Amino acid sequence: MMKICLFWHRRDLRLHDNAGLAAALASELPVVPLFIYDQDILDYLPAKADARLTYIVDEVERLAQATEAAGGTFLARFGKPVEVLEALVEELEIAAVHTNEDYEPYATKRDAAVGQMLRQHGVDFLLYKDQVVFAKDEILTKSGTVPKVFGAYHKSFLAKLTDDLLLPYGSREAFRAENLHRLAPAKTGSRPTLASLGFERLEQYVPIADLPAEEVVRNYHNTRNTPALQNGTARISVQLRFGTLSVRQVMRQAKALNPKLLAEIIWRDFFMMLLWHYPITATEAYDPKMRQVPYRNNEAEFQAWCEGRTGYPLVDAGMRELNATGYLPNRVRMTVAGFLVKHLFIDWRWGEQYFADKLLDYELANNVGNWQWMAGTGAISAPWFRVYSPENQLAQVDPELKYVKRWVPEVGTRDYPAPIVEHKFARDRAVEAIRAARIAAS
Ligand SMILES: Cc1cc2nc3c(=O)[nH]c(=O)nc-3n(C[C@H](O)[C@H](O)[C@H](O)COP(=O)(O)OP(=O)(O)OC[C@H]3O[C@@H](n4cnc5c(N)ncnc54)[C@H](O)[C@@H]3O)c2cc1C
């Protein structure tokens with residue numbers, strides 16, 4: 001039987017500009033692309049109708065059809081990755097498995113286990129940097145430590161960012177019959193569907209299929225803090241999450257047209273780098289002095305926040321948009337997060353988990369990084385004593401209530417609740433409690 005290699009798609013559901021796929025196609029072995037619906041992840045999805053899984057199944061199907069049209073076979077399986085790959089290695093003549101690096105704590109452990117199993121079978125496991133432009137410790141401070149100031153990281157990033165680092169990999173061009181392998185139908189198996197996986201279809205926010213319009217990118221710095229605008233931001237987070245756009249592609253566009261947008265995309269690399277260095281921050285405050293903060297964790301108030309019933313219009317509009325669409329503009333994410341951790345004085349992990357369940361662009365590094373930033377607990381954070389007034393935020397970003405009225409039509413009527421807590425009282429309560437906890441911990 002002919003030796004083949006697998007290309008294992010994970011967070012890179014695209015044919016174009018894909019580092020690992022390009023390398024597999026350039027190797028001397030014909031390629032069979034693969035996607036695994038990871039049982040360990042699916043078992044934890046909170047609801048049977050899941051917009052993320054719907055998106056993934058659609059994109060995997062698109063890849064499968066493109067592979068067949070090009071003359072190859074696409075494999076899709078459900079199970080635990082180590083077991084699925086081991087079964088494939090026993091069934092097919094696989095000499096190598098190529099895939100792109102993933103820096104989350106779960107993924108690094110999974111890949112270590114997969115690598116070990118494959119090596120025992122004499123199969124190479126080859127990983128490539130694709131998801132970010134600079135990974136792991138490629139950017140350090142002058143003294144060789146992990147950068148914890150975004151300004152300095154951003155400066156080093158730009159100094160290292162040559163145009164050739166953003167050149168596309170030629171994976172789509174090489175995706176041709178002579179580089180692919182067609183398996184006998186008996187070996188292909190059927191591809192899982194949403195129904196066979198035990199899920200239902202849910203379409204919420206539908207991401208743009210390609211790069212944002214040039215006009216959106218050019219105006220980004222003026223429009224990014226106006227949530228009433230549908231196109232005020234680039235709206236590329238879902239595509240970056242699942243890799244239907246490549247980070248090089250979006251950085252090329254932003255580098256040419258808008259340095260502010262480029263800086264925001266660099267935050268993504270920054271948080272992924274921090275999580276890789278400090279995997280503990282996925283569940284713990286980075287700052288040990290912030291690990292014993294006596295959060296109130298009032299269940300009823302948490303529920304009011306989740307449902308958009310706090311009596312603060314911008315917070316409520318945001319939570320209702322999140323619940324209805326699985327998306328929320330950054331400025332409103334900051335408002336709702338700040339309100340939960342400071343005004344209601346609820347553990348940032350509760351909010352992080354709620355976002356993880358709801359966001360279509362949910363991304364561990366970005367979510368944890370931003371929640372810890374808002375809570376003042378992270379490797380990089382807003383000062384712990386900073387408490388934004390939700391009323392001032394509203395006056396700045398939505399003075400005419402255009403955004404708020406879209407989601408909270410009853411605002412200003414008797415049907416709208418009174419504020420759940422008074423701003424100054426809540427601010428003082430949180431600041432004093434955190435101050436005392438920090439003193440006790442030092
Ligand atoms: C509490 C909180 C939780 C968040 N959780 C997530 C999450 O789970 N997944 C996620 O992708 N983003 C998260 N963000 C960051 C940011 O809000 C979203 O990336 C952004 O709103 C997505 O919309 P966009 O693509 O139009 O963004 P744009 O403003 O157009 O930015 C373009 C891209 O830059 C990156 N980016 C922008 N802002 C940030 C930021 N603050 N941190 C890291 N990367 C950024 C994203 O990849 C984004 O798609 C969170 C922010 C906050 C305050």
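Begin by selecting D361 together with the ligand: in this predicted model, a backbone N or O atom of D361 lies 2.9 Å from a nitrogen atom of the ligand. Keep the ligand displayed and add N370, where an N or O atom in the side chain is 3.1 Å from a nitrogen atom of the ligand. Then add S237, which takes part through its backbone, since a polar backbone atom of S237 is found 3.1 Å from an oxygen atom of the ligand. With these contacts in view, switch on a surface for the ligand: taken alone it exposes 820 Å², and the protein buries 98% of that.

Next, widen the selection to the whole shell around the ligand, which holds 28 residues, and among these Y220, T233, A234, R235 and N330 come nearest. Colouring the shell by residue class separates 16 nonpolar residues from 6 polar and 6 charged ones.

Which helices should be highlighted as suppliers of at least two residues each to this shell? Select α10 (237-242), α12 (259-277), α15 (330-343) and α17 (364-375), each of which meets that condition. Of the elements contributing to the shell, α12 provides the largest share, with 6 residues.

Now colour the chain by domain, giving one colour to domain 2 (132-168 + 211-277) and another to domain 3 (288-434); the ligand lies between them, because both domains give residues to the shell around it.

Leave the ligand and select residues 3-133, the span that the UniProt annotation, from an unreviewed entry, labels "domain: Photolyase/cryptochrome alpha/beta". In the model this span is 45% helix and 24% strand, and a distance drawn between its end C-alpha atoms reads 32 Å.

For the last stop, display the aromatic side chains, among which 23 aromatic pairs are counted when ring centres within 6.5 Å are taken as the criterion. One of them to centre on is F302 with Y354: the ring centres are 6.3 Å apart and the planes stand at 85 degrees, so the pair is edge-to-face. Showing the backbone as well places F302 in helix α13 (residues 299-307) and Y354 in helix α16 (residues 348-358), so that this pair, 52 residues apart, can be followed as a link between distant parts of the chain.

Methods
Residues numbered from 1 in each chain as written. Predicted model: local features only at pLDDT ≥ 70, side-chain atom pairs only at ≥ 80, totals over all residues. Heavy atoms only, no water. Near = heavy atom within 4 Å. Polar contact = N/O pair within 3.5 Å; in protein donor to acceptor, adjacent residues only side chain to side chain. Areas by Shrake-Rupley, 256 points an atom, 1.4 Å probe, with all protein chains shown as cover. Helix = DSSP H or I, 4+ residues; strand = E, 2+ residues; numbered from the N terminus. Nonpolar A, V, L, I, M, F, W, Y, C, P; charged D, E, K, R; others polar. Domains from an automatic or database assignment. UniProt positions renumbered as here; feature names shortened; annotations may be inferred. Phe/Tyr/Trp six-rings, centres within 6.5 Å; stacked < 30°, edge-to-face > 60°.
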